[in-house]
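I opened this notebook page to look up how the chain is built and where its aromatic rings meet. The entries follow the order in which I checked things.

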Amino acid sequence: MTRTIRSSSLTRIRLIEAASQVFASLGVQGATTREIARVARVNEVTLFRHFASKEQLLRAVIENASALQTEALAHPEAWTQNLSVDLKKYAQLYNAMLEAHEDLIRTFIGEAKRHPEAARQIIQEAAKPLGEKLVAYLQSSQKRGTVRLDLDPFPAVDMFTGMLLAGMLCRTVKYNQSDYSSNNYIDTCVDIFVRGIAVQEKC
């Protein structure tokens with residue numbers, strides 16, 4: 001029984017990894033369950049035992065992409081309550097996820113206007129937990145008096161993660177003219193963001 005469960009779990013992992021490759025190379029609409037099954041070295045029947053549809057597979061791929069980062073931020077002790085320290089840790093985790101799944105992210109961006117509505121909703125829903133962690137952190141920081149009360153955390157988080165995404169996309173195609181590292185970029189993003197959201201100490 002244990003061996004069967006383990007085998008089923010390994011097959012599921014292979015399917016998610018294969019789906020990630022196929023979605024990245026063929027896009028959401030171009031990817032087929034037949035091709036995903038071929039890359040995973042299983043038949044389509046086996047794929048459908050684990051996932052009822054291509055959309056379910058897409059959701060699993062995106063959830064898997066952010067799982068480690070979400071787990072790392074899931075516990076209260078993960079936050080020090082120091083804005084600069086905490087946001088740098090978040091940025092490093094988020095950037096690691098972006099770099100690990102660059103091909104898939106570029107495919108989704110390129111297909112943004114062509115995604116079926118259902119697929120777009122899946123992407124938004126699956127990626128939401130990681131953003132929610134930071135929104136909750138900023139809201140609690142507002143209650144502690146370290147983040148401005150007039151700040152709306154939701155667009156602030158979109159702006160912060162957007163800076164990180166833009167940095168990854170530019171770095172990986174050598175778009176930036178200066179020779180700086182990802183750590184330099186992250187430090188700069190965090191510094192600018194913290195200066196913008198923090199409550200200024202009175203002289």
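Entry 1, burial and surface. I began with the chain as a whole, keeping in mind that this is a predicted model, and found that buried residues make up 40% of its 203 residues. For the accessible surface I noted about 12,100 Å², with 54% of that area belonging to carbon and sulfur atoms.

Entry 2, fold. I counted 9 helices and 0 strands in the chain, so that I could write the pattern along the sequence as α-α-α-α-α-α-α-α-α. I then took the contacts between residues at least 6 apart in sequence, and noted that 70% of them join residues at least 24 apart.

Entry 3, aromatic pairs. My search of the whole structure returned 5 aromatic pairs. One of them is F160 with F193, which I recorded as stacked, with 4.5 Å centre to centre and 20° between the planes. Since F160 sits in helix 8 (residues 153–172) and F193 in helix 9 (residues 182–197), the pair ties together parts that are 33 residues apart in sequence. I also checked their burial, and both F160 and F193 are buried.

Entry 4, a tyrosine pair. For Y180 and Y185 I noted ring centres 6.3 Å apart and planes at 15°, so I logged this pair as stacked too. Y180 counts as partly exposed, because its relative accessibility is 33%, whereas Y185 has a relative accessible area of 18% and is therefore buried.

Entry 5, cluster. Returning to F160 and F193, I found that they form one aromatic cluster together with Y90 and Y94.

Technical notes: Residues numbered from 1 in each chain as written. Predicted model: local features only at pLDDT ≥ 70, side-chain atom pairs only at ≥ 80, totals over all residues. Heavy atoms only, no water. Phe/Tyr/Trp six-rings, centres within 6.5 Å; stacked < 30°, edge-to-face > 60°. Helix = DSSP H or I, 4+ residues; strand = E, 2+ residues; numbered from the N terminus. Buried < 20%, exposed > 50% of the residue type's maximum accessible area, 1.4 Å probe, protein only. Contact = heavy atoms within 4.5 Å. Areas by Shrake-Rupley, 256 points an atom, 1.4 Å probe, with all protein chains shown as cover.
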